[in-house]
Amino acid sequence: MVRILLPIFSAPATPHVFMSSEFHSALDKSAPGLKALIKNQLTFTFARDTTSATNRDWWLSASKAAASVVIERMIATMARYYETNAKRVYYLSLEFLMGRLFSNTLHSAGIFDEMEQAIRDLGLDPDTLRDEEYDMGLGNGGLGRLAACFLDSLATLDLPAIGYGIHYQYGLFKQEFVNGHQVELPDAWMTYGTPWEIVRPEHTMEVEIYGQVENVFDDLGNYVPRWTGTRKILGVPYDIPVPGFGTTTVNYLRLWESRAAADFDFAAFNRGGYDEAVAQKNQSETISKVLYPNDNTEGGKELRLIQQYFFVSCSLKDIIRRFLQLNTDWDSLPDKVAIQLNDTHPSIAVAELQRLLHDMHGLSWDTAWSIVTRTFGYTNHTLLPEALEKWSVGLFQKVIPRHLQIIFEINKHFLEQVEARWPGDVAKKRALSIIEEGRVQMVRMAHLAVVGSHSVNGVAALHTQLLKSDLFPEFDALYPGKFNNKTNGITPRRWLLSCNPGLSDLITSKIGHGWERDLDQLRGLEPFADDPQFQHDFMAVKRANKVHLAAIIREQCGITVNPDALFDVQIKRLHEYKRQHLNLLHILALYRRLLQHPDIEITPRVFVFAAKAAPGYDMAKCIIRAINAVGATINSDARIKDRLKVVFLPNYRVSLAQRIVPAADLSEQISTAGKEASGTGNMKLSLNGALTIGTLDGANVEILEEVGKENIFIFGLTVEEVAALVKKGYRPREIYEANEELRAVVDWVGSNFFTPDEPPGVLSLLHDNLVQSDPFLVLADFESYSECQKRVDAAFRDKKRWARMAILNTARMGKFSSDRTIAEYARDIWKVEPVRI
């Protein structure tokens, strides 16, 4: 094992040199100073002169100039943490959907206006340079975006923290549409590098996989397991600074890139085995190559498990290395280290920390386990049992055999607790065991996380209630008080200040600054909700954002849309439970009504979709094809006089979301009740003045409580009604046959009407799914959804009422700041205090 015990930053030569009262920047952050710094970077970092420099060269130089300001503060921050031996939070996540960093870095560093002026003084356009940045391909959906928001809030609240993840070479995938079908292309976000990261080869970690476990005698004569015959992989860390807003604190995100322990086999090369010579290098580097490799094959499952173990092992060794710099008492580790598992992916960390403490550092089993269970917290993000990861015992035996032994031992001790609580209750043991018995034994990773953590939290009040009552009721009974709620939140710095400058300026003109760090201050807008001038100004900002989005739609999709139409937006990962196909059925119903009744009164609408479907998820890809096919027909039908438009923007990502969110009038949050853990898109859209149409699911319930029932559109079955219907026996065909309009549109979409140039039945998968099984109750909720949309239509025609509702949505979103969420984690779970620089 490689053990590198050097500090990340050496202790300051003079004590307290970085105390907050003494910190002075050595950089000139005025516009002229930043202009000079940009030109310096252009010349000496990128070897360009001003006449030959491209826009990308200028953006890189401006980014490096901004990074200089941030890195100076990061050095001061790390030195202060070292000096105070502060307790730190370590946030382990397989995803960090960071988006673009340039504008947010400028806002957080307090140099946004100065940098914009410096760029203009160089004869350049700031917006043009911003568009040179490629979104970091480090995440997929809400899980990764939440992690990025949390890092922002941790730094803003001056909480010592490091995020840990994987330095993926390729993101999930770049999405294109060919004849309406999703096509996946490599998301090569690293092709030209990024100006934000710092490689730290001196902190490279070694990870072992495969091999076998032998029982041997140690030097004290004890019979102990030894993991031998392993293959070694190196993890090289890359750090991305994360500056807080309105503070000097700068934390960082550390990402691990896999490398071969031996890059090149000269012996194989010399005997002519050229592929063999680099085989180990290629195999090792595959680990951090792609986010979420397809796990429909055994090889894909193996790679996914190795990925998870690789980043967890590197991270835990790095955490221990840092702990040992200033501490010698292992029992104090939970007083200095709080590790949060972001969903089930990193849960192998429980077994790995037990292995490191027990096998590598010689602690007794019970001592090590006491430390483990006081160190970890686990956040659950799903109520779908099939989404809770399970790996076969055989796969564990092959990839990390020592961890399998440790998990069996953890489970043995755990089941003794279960027996003590429920003597002789085999059913309880079967329900709670970490090992699932069956034709193939499986390791339940969520159970491992629950058993190994002192805290398990849900991410919305309803979600946490269902965790305790439906998903983990036996665990809740066994561990009273372990389960708690931490409703998700979003950072207002990215999702209002940065993405919607027009609205941000309007808000500040009325209530001043301060809301950027205390979102509850938006309540100060409520007195203006009925003010005609403020309503006009608020909706003028909205229209300007819609004009901007309309230009993007025209450029990317070739479709002209009316910015005065209602922009009806559903942007989120494509999954059946999120029910994009319910939205589609309503679109078809509107289209059919217009064709049969051309003079009907209807509010013109632009339906905006953006989503990626997992490459192996056939039904989700079929829904994308259906939306595109229906949209192509509607958009070219002159009979409806442009009263409906359907747009599916390709390659959904953070930077695209930042352009859609400010332009949305209506936010579609229409998941089956009880299936969405929380959702954060609902928060982003409401914060920017979109009204929600949604079920009582996830955080929608709490948004309803905050904005008031008169400012949101709720429809559909409740969680209790869904459960009752499923228990009774749901028969979608009966609903299909009883509703003429519903039957017509379901049959319509399943026919070849919208896909005349493709083989028959290309959309029959969707039709048959709805009529025969409808697992997410689309047909059951269709009539309620359709009626609710009529209420939306009427409200939008009343311009004053709509403006008032939109303003109150923005004003009442204070609860949903990620600052509030992180403050609750810090107080209730991590027990960590701010350290101000």
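How are helices H23 and H30 oriented to each other? They are roughly perpendicular, a class that takes in angles of 65 to 115 degrees (under 35 counts as roughly parallel, over 145 as roughly antiparallel, and the rest as oblique).

## Basis of the values

This is a predicted model, in which local features need pLDDT of at least 70 and side-chain atom pairs count only at pLDDT 80 or more, while totals for chains, interfaces and linings use all residues. Residues are numbered from 1 along each chain as its sequence is written, and side-chain values use heavy atoms, with hydrogens and water left out.

Helices (H or I, at least four residues) and strands (E, at least two) are DSSP runs numbered from the N terminus.

## Packing of H23 and H30

Two packed helices are described by the angle between their axes and the distance between the axes. For H23 (residues 580-596) and H30 (residues 740-750) the angle is about 105 degrees and the axes are 9 Å apart. The axes are lines fitted to C-alpha atoms, for helices over the stretch in contact, and angles run from 0 to 180 degrees between N-to-C directions.

H23 contributes Leu 584, Leu 585, Leu 588, Ala 589, Tyr 591, Arg 592, Arg 593 and Leu 595 to the contact (heavy atoms within 4.5 Å). From H30 come Glu 740, Glu 741, Leu 742, Ala 744, Val 745, Val 746, Trp 748 and Val 749.

## Helix H34

Helix H34 covers residues 818-830. Its end C-alpha atoms are only 16 Å apart, short of the 18 Å that a straight helix of 13 residues would reach at 1.5 Å a residue. The expected span is 1.5 Å times one less than the number of residues.

At the start of H34, the backbone nitrogen of Asp 819 has a side-chain oxygen of Ser 817 within 3.0 Å. Just after the helix, Lys 831 has a positive phi of about 55 degrees. Buried residues of H34 (under 20% relative accessible area; exposed is over 50%, partly exposed in between, with a 1.4 Å probe and protein chains only) include Ile 822, Tyr 825, Ile 829 and Trp 830.

## Helix H24 and Asn 628

H24 has 18 residues, which should span 26 Å at 1.5 Å a residue, and its end C-alpha atoms are 26 Å apart, in agreement. Of the 18 residues, 15 are buried.

Asn 628 is found in H24, at residues 618-635, and is buried with a relative accessible area of 15%. A polar atom of the Asn 628 side chain lies 3.0 Å from the backbone oxygen of Gly 180. Leaving aside residues up to four places away in sequence, Asn 628 touches Phe 177, Gly 180 and Phe 648.

## Asp 158

Asp 158 sits in the loop between helix H6 (142-156) and strand S2 (161-166). Its relative accessible area is 4%, so Asp 158 is buried. Residues up to four places away in sequence not counted, Asp 158 touches Thr 247, Thr 249, Glu 833, Pro 834, Val 835 and Arg 836.

## Strand pairing

Strands S7 (residues 212-217) and S8 (residues 223-228) run antiparallel and are joined by six bridges; strands pair if DSSP finds at least two bridges between them. Phe 217 has Tyr 223 of S8 as its bridge partner. Five residues lie between the strands of this hairpin, where Gly 221 takes a positive phi near 85 degrees.

Strand S12 (residues 376-379) pairs in the parallel sense with S11 (residues 337-342) over four bridges and with S16 (residues 455-458) over three. Thr 379 of S12 is the bridge partner of Asn 342, and Tyr 378 stands opposite Val 456 in S16. Both faces of S12 are covered, with Phe 376 and Tyr 378 buried on one side and Gly 377 and Thr 379 on the other.

Technical notes
Polar contact = N/O pair within 3.5 Å; in protein donor to acceptor, adjacent residues only side chain to side chain.
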